[in-house]
Amino acid sequence: MRAVVYNGPRDVAVQDVPDARIERPTDVLVRITSTNICGSDLHMYEGRTDFPRGGVFGHENLGQVAEVGDAVDRVKAGDWVAIPFNIGCGFCKNCERGLSAFCLTTADRSVMPNMAGAAYGFADMGPYRGGQADLLRVPYGDYNCLKLPPDAEERQNDYVMLADIFPTGWHATELAGLRPGESIVIYGAGPVGLMAAHAAMIKGACMVMVVDRHPDRLRLAGSIGALPIDDSKGSAVDQVLELTNGIGADRGCECVGYQAHDPQGHEHPNMTMNDLVKSVKFTGGIGVVGVFTPQDPAPQDPLYKQGEIVFDHGLFWFKGQTIGVGQCNVKAYNRPLRDLISTGRAKPSFIVSHELPLGEAPTAYRHFDARDDGWTKVILKPAA
Ligand code: NAD
Ligand code: ZN
């Protein structure tokens with residue numbers, strides 16, 4: 001089968017690899033028809049985080065079931081399914097509590113003895129090959145395949161967002177504690193930030209502010225009724241305070257991660273955390289889904305070493321704020337979010353800028369990585 005293979009920093013190719021196949025009776029084999037490129041792929045693509053050469057990317061996957069193992073009975077060949085990027089077992093202590101991003105069964109404990117959580121197409125998240133390919137093996141398929149309604153094939157560009165970023169954006173607002181009628185500021189108008197904004201609008205926030213500096217991404221934020229804040233035109237914190245009568249937003253979300261830029265456009269990993277503490281009100285809540293994993297070598301910042309982000313804890317404490325962080329437990333959200341899509345209440349495909357055949361993955365990675373104007377979200381279509 002063909003797959004997007006990593007050959008080194010900023011070097012991916014579509015190559016032939018051995019077919020994915022059923023390896024265990026609980027596996028489901030899915031023929032992938034939509035598979036997204038994610039900001040999380042870029043950490044590995046750019047060589048910021050490790051990824052084995054020859055490994056296959058792709059954790060935002062949707063397709064049609066090709067074959068099921070003997071122990072699978074909820075899904076069958078022909079079903080259209082969205083596949084959470086986390087690989088859970090469904091029966092460990094964490095999965096049972098809905099914490100499927102921290103599954104104890106599927107984790108690779110050679111990474112660290114108490115490791116929890118697994119995903120497709122990441123280093124340190126288990127040996128699971130990604131789905132930017134013709135086929136994907138889905139472990140514990142009964143648990144990990146979300147069945148889709150009859151309009152699945154035509155509306156793949158909406159449903160594929162259930163694999164990661166729509167639940168992740170929703171999760172950011174949950175971690176922040178957003179309630180109807182509250183205001184929220186979202187740092188980052190990438191796909192994840194735009195999904196957080198979409199979630200906040202659906203949840204009934206009174207004001208949704210989205211900070212970035214890419215005009216095309218800010219325009220998309222505006223298109224769903226959010227207030228775009230361009231931080232190249234002046235301090236984001238000042239603009240949020242002005243819009244909230246000097247009080248600050250009730251809630252804030254971090255949807256950027258450690259490669260955040262500072263006002264001069266230089267990479268500054270502490271930037272968004274400090275800005276959140278300042279632009280969220282006293283007693284407000286902050287949800288962090290941007291990735292801040294340990295980095296070796298560390299970015300060019302004296303305050304940042306091996307994942308240690310320095311932010312103003314004193315001010316955070318003084319303001320009595322709360323914070324929630326981490327990977328999204330996709331299983332905790334994807335069923336209701338699927339139903340919001342199928343009834344037309346949610347339309348996460350508004351961020352899609354490109355649908356391209358799998359063979360064009362190297363070009364797509366180049367443009368998405370450069371954040372080139374208009375390249376907001378790319379879906380690769382292996383069947384095209
Ligand atoms: P992206 O890189 O396309 O988007 C990030 C956006 O943030 C860019 O548009 C950039 O211009 C903007 N930005 C940079 N510095 C900023 C600053 N100081 N203030 C405001 N905006 C700033 O990536 P994405 O696909 O949207 O993903 C965002 C983050 O979410 C990444 O770190 C990704 O790894 C992470 N992520 C986490 C989860 C999870 O489960 N927690 C899931 C998916 C993605
Ligand atoms: Zn992703």
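Are His-59 and Asp-164 buried or exposed? In this model, which is a predicted one, His-59 is buried, and Asp-164 is buried too.

Both residues belong to the zinc site, so I'll start there. The zinc ion, ligand 2, takes its protein donors from Cys-38 through SG, His-59 through NE2, Glu-60 through OE and Asp-164 through OD. These lie 2.0 to 2.2 Å from the zinc ion. The angles subtended by the four donor atoms run from 91 to 134°, and that makes the arrangement tetrahedral. For those who read sequence patterns, the spacing of the donors along the chain is C-x20-H-E-x103-D. His-59 sits in the loop between α1 (39–45) and β4 (61–68), while Asp-164 sits in the loop between α4 (156–159) and α5 (165–176). The pair therefore ties together parts that are 105 residues apart in sequence.

Now the nonpolar cores. In soluble globular proteins, nonpolar side chains tend to be buried together. Here the largest nonpolar core has 73 residues. Those with the most contacts inside this core are Leu-148, Leu-162, Phe-166, Ile-186, Val-208, Tyr-365 and Leu-380. Helix α6, residues 191–203, supplies the largest share, eight residues. Domain 1 (2–164 + 329–381) and domain 2 (165–325) both contribute residues, so this core lies between them.

Take Leu-162 as an example. Leaving aside residues up to four places away in sequence, Leu-162 touches Ala-82, Leu-146, Leu-148, Pro-167, Val-330, Asn-334, Leu-337, Arg-338 and Ile-341.

Apart from that core lies another, of 19 residues, with Met-207, Val-277, Val-280 and Phe-292 among them.

Conventions:
Residues numbered from 1 in each chain as written. Chains lettered and ligands numbered in written order. Predicted model: local features only at pLDDT ≥ 70, side-chain atom pairs only at ≥ 80, totals over all residues. Heavy atoms only, no water. Core = buried A, V, L, I, M, F, W, Y, C linked by side-chain atoms within 4.5 Å. Buried < 20%, exposed > 50% of the residue type's maximum accessible area, 1.4 Å probe, protein only. Helix = DSSP H or I, 4+ residues; strand = E, 2+ residues; numbered from the N terminus. Domains from an automatic or database assignment. Contact = heavy atoms within 4.5 Å. Donors = N, O, S within 2.8 Å, 3.2 Å for Na, K, Ca; no water. Tetrahedral: all angles 85-135°; square planar, octahedral: opposite > 155°, others 65-115°.
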